[in-house]
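Q: Could you take me through one part of this model closely? I would like to look at the nonpolar core and the helices around that part.

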Amino acid sequence: MFTLHGIVNNINSNDSTAVICALDVSEAFDKMNHAALYIKLMSGNVPKCFLDVVINWYSKCFAFVHWGNFVSRCFQILSGVRQDGVPSPSLFAIFIDSIINKL
């Protein structure tokens, strides 16, 4: 933030206008649709063996809700990347790349 503040002040002091765009993706990891991710990977010429691993990994994500004495039925998770997964930041970057390019 300190560096950004200095850059903006420098631009503004030279009679120019600084335009800044910030994108809050703090919860985007949880909202990324798996099917859309697969499509992005396929269009990005990702090797089929890697695509098969990702599809296999995410197609087996299930959860249930435990609240007090109540336990829900098991349901499939169709969006989001694993928060602790090593490839998750890279998969998210692939997913969001076209959106960032359009901005």
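A: Happy to help; here is a walk through the core, followed by a salt bridge in one of the helices. This is a predicted model, in which local features need pLDDT of at least 70 and side-chain atom pairs count only at pLDDT 80 or more, while totals for chains, interfaces and linings use all residues. Residues are numbered from 1 along each chain as its sequence is written, and side-chain values use heavy atoms, without hydrogens or water.

A nonpolar core is a set of buried Ala, Val, Leu, Ile, Met, Phe, Trp, Tyr and Cys residues joined through side-chain atoms within 4.5 Å. Buried means under 20% relative accessible area, exposed over 50%, and partly exposed in between (1.4 Å probe, protein chains only). The largest core has 14 residues, and Met 32, Leu 37, Leu 41, Val 54, Tyr 58 and Leu 91 touch the most other members. At least two residues each come from helices H3 (34-43), H4 (48-59) and H5 (88-102); helices here are DSSP runs (H or I) of at least four residues, numbered from the N terminus. H5 gives the most, with four residues.

Beyond its neighbours within four places in sequence, Leu 41 is in contact with Val 46, Leu 51, Val 54, Leu 91 and Ile 94, where contact means heavy atoms within 4.5 Å.

Helix H4 also holds Asp 52 and Lys 48, four residues apart, about one turn of the helix. Their side chains meet in a salt bridge (2.9 Å, N to O), a term for a side-chain nitrogen of Lys or Arg within 4 Å of a carboxyl oxygen of Asp or Glu. Asp 52 counts as partly exposed because its relative accessibility is 36%, and Lys 48 counts as exposed at 58%.
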